[in-house]
Amino acid sequence: MPSNNSDLEKRLWEAADQLRANSGLKSSEYSTPVLGLIFLKYADFKFSNAKEKLEKESKGGRAKIGKLNYQAKGVLYIPEKASYNYLLSLPEGSNIGSAVNAAMKLIEEENTNLAGVLPKNYTQFENDVLVALVRNFAGIPMDVEGDVFGKIYEYFLGEFAMAEGQKGGEFFTPTSIVKLIVEILEPFKGKILDPACGSGGMFVQSAKFVAEHKKNPSSAISIYGEEKQAETIRLCKMNLAVHGLEGDVKQGNTYYEDVHKSLGKFDFVLANPPFNVNGIDKEKIKTDKRFCYGLPRTDNGNYLWIQLFWSTLNENGRAGFVMANSASDARQSEQDIRKALVDDNGIDVMISVSSNFFYTVTLPCTLWFLDKGKIKTKRKGKVLFIDARNIFTQVDRAHREYTPVQIQFIANIARLYREEEVDLSSLGEMKDEWKNNFPKNKYADISGLCKVATLEEIKEQNYSINPGRYVGVIEKAADDFDFYEKLEELNEELEVLNAEAMELEEKINDNIIEMLNK
């Protein structure tokens, strides 16, 4: 788990898992109640902090502090009998399940944006087990640096996803990946859409980005989401609420339903869609204008998602999303769609990410960044490729993440390419590496790291947009050997060679047909 609080998270998870062990419920049935308790603990913590500040501010004042005062600070109003301390203080033998249900109902009554969202099925659990869990969660240290709630929430989502056998991206995207997407996309203000929004991580990180730039997220950005699973929507709305956010998040199957009438409407699209989905009924979407470059013939949803992201942007809109590596080199009808997108100057930045960033899949992935306004800039006819597979922090044998410094290092490369101001103060231990590569804070192609390719160069590569084809490789010391890294590199090289082999096969076939027709 990518976090500095792994012992705490493991302890909390083991405590929460007692609900499953003692109730016989599947993880999908007890996940929301468990996350509901974490939500309640954090919401109550933020309310208590806001209460203390408001009382100091109004000292000597006659005005009574009310619900609107808390809402103005982006904090949920928590009635006394819904507070976590109230639950902890209940006499021994009290029905804790009924008390938690009542607390959730009270919060919904006072915060109408949460109506019907919070779990209210706590009486299904053994009383003593639930009491133990409430007491255990009381030990979450809310005053340490960083978003402890977010990290614990993410950890639990990952554990629940693995327990259910879900593929990566079904509920969440690891925080460091989301932060990198946000830093490059720069959603300062406007309408933001995530049409596969899961638990809402893209929205939360976008809001934090806005806040870090001294703006009020509630007034600067408008949040719109679509999600197929009703239970996941509840998780998303809880996540938004505890961060002081509201959004228009609706249930729908994005392939077939455009619940926000999104065509040409959004300033930003951020997403981690499910990869390589098959079985999509193309008959239902054959006249859908969101798929403006046509439907791929292959039984694969990747290029449906890519077109959907593109078509929902307004004339200056930007999209950033996670995509399977295979989409960068996909052939036949998918290549035709990619060619059209490249020729239309839609693709702005491509970033290779190493394996083991997701909990439930180990495969590497690629981050795509589209920009409809790029055609009006100096970047017209160019694409920035970044190979970030050698940039990561190994959390444990199975998991990697980006540190804040690594995120800023990568994002600053994109800023140089766009001729934007870079933030050198955030580069920390990578400052020397930055100075070696970009001594004048001007963009330059760096072998093994980044390359700006022209449209002609992309055409020469048969419209492959795999960063490895353009960036080159980093020379490694002979003793700097890691079996899994080497295997990953060889697999990537094999993918490229297979793509090239297919190209040669097609050329040979074309030449044979031409000779036979003479």
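How far apart are the end C-alpha atoms of H13, and what span should its 12 residues have at 1.5 Å a residue? The two values agree: the expected span is 16 Å, and the end C-alpha atoms are 16 Å apart. Please keep in mind that this is a predicted model.

**The chain as a whole**

Let's step back for the overall picture. The protein chain holds 18 helices and 11 strands. Of its 518 residues, 52% are buried. Among contacts between residues at least 6 apart in sequence, 72% join residues at least 24 apart. The chain exposes about 24,100 Å², and carbon and sulfur atoms supply 48% of that area.

**Helix H13 and Glu 334**

Back to H13, where the buried residues are Ser 333, Glu 334, Gln 335, Ile 337, Arg 338, Leu 341 and Val 342. These buried residues pack against two helices, H12 (302-311) and H16 (455-460), and against two strands, E6 (347-353) and E7 (365-371). After the helix comes Asn 345, with a positive phi near 60°.

Glu 334 deserves a closer look. This residue sits in H13, which covers residues 332-343, and it counts as buried because its relative accessible area is 8%, below the 20% cut-off. Leaving aside neighbours within four places in sequence, Glu 334 is in contact with Pro 296, Thr 298, Asn 300 and Tyr 303. Arg 297 is 37 residues away from Glu 334 along the chain, yet their C-alpha atoms are separated by 7.7 Å.

**Helix H11**

H11 can be read in a similar way. Its 13 residues (230-242) reach 19 Å from the first C-alpha to the last, close to the 18 Å expected at 1.5 Å a residue. Its buried residues are Thr 232, Ile 233, Leu 235, Cys 236, Met 238, Asn 239, Leu 240, Ala 241 and Val 242. Gly 244 follows H11, and its phi is positive, near 75°.

**The nonpolar cores**

The largest nonpolar core has 57 residues, and those with the most contacts inside it are Ile 351, Leu 367, Leu 384, Tyr 402, Ile 410 and Ile 413. Helix H14 (residues 404-417) gives the largest share of this core, with 9 residues. A second, separate core has 52 residues, including Leu 19, Leu 118, Val 129 and Leu 235. The last of these, Leu 235, is one of the buried residues of H11.

What does Ile 351 touch, once its neighbours within four places in sequence are left aside? Its contacts are Ile 184, Cys 365, Thr 366, Leu 367, Phe 369, Ile 386, Ala 388, Ile 410 and Pro 467.

H14 also holds Gln 408. Not counting residues up to four places away in sequence, Gln 408 touches Glu 183, Arg 415, Ser 426 and Leu 427.

**A patch on the surface**

On the surface, Ile 508, Ile 512 and Leu 516 form a nonpolar patch with about 310 Å² of accessible area together. Ile 512 belongs to helix H18, which covers residues 483-517.

Is Ile 512 buried, partly exposed or exposed? With a relative accessibility of 42% it counts as partly exposed, because that class lies between the cut-offs of 20% and 50%. The table sets Ile 512 beside the two polar residues met above.

| Residue | Relative accessible area | Class |
|---|---|---|
| Glu 334 | 8% | buried |
| Gln 408 | 13% | buried |
| Ile 512 | 42% | partly exposed |

Definitions and conventions: Residues numbered from 1 in each chain as written. Predicted model: local features only at pLDDT ≥ 70, side-chain atom pairs only at ≥ 80, totals over all residues. Heavy atoms only, no water. Helix = DSSP H or I, 4+ residues; strand = E, 2+ residues; numbered from the N terminus. Expected span 1.5 Å × (residues − 1). Buried < 20%, exposed > 50% of the residue type's maximum accessible area, 1.4 Å probe, protein only. Patch = residues over 30% accessible without salt bridge, like charges linked within 9 Å, V, L, I, M, F, W, Y side chains within 5 Å. Areas by Shrake-Rupley, 256 points an atom, 1.4 Å probe, with all protein chains shown as cover. Salt bridge = Lys/Arg side-chain N within 4 Å of Asp/Glu carboxyl O. Core = buried A, V, L, I, M, F, W, Y, C linked by side-chain atoms within 4.5 Å. Contact = heavy atoms within 4.5 Å.
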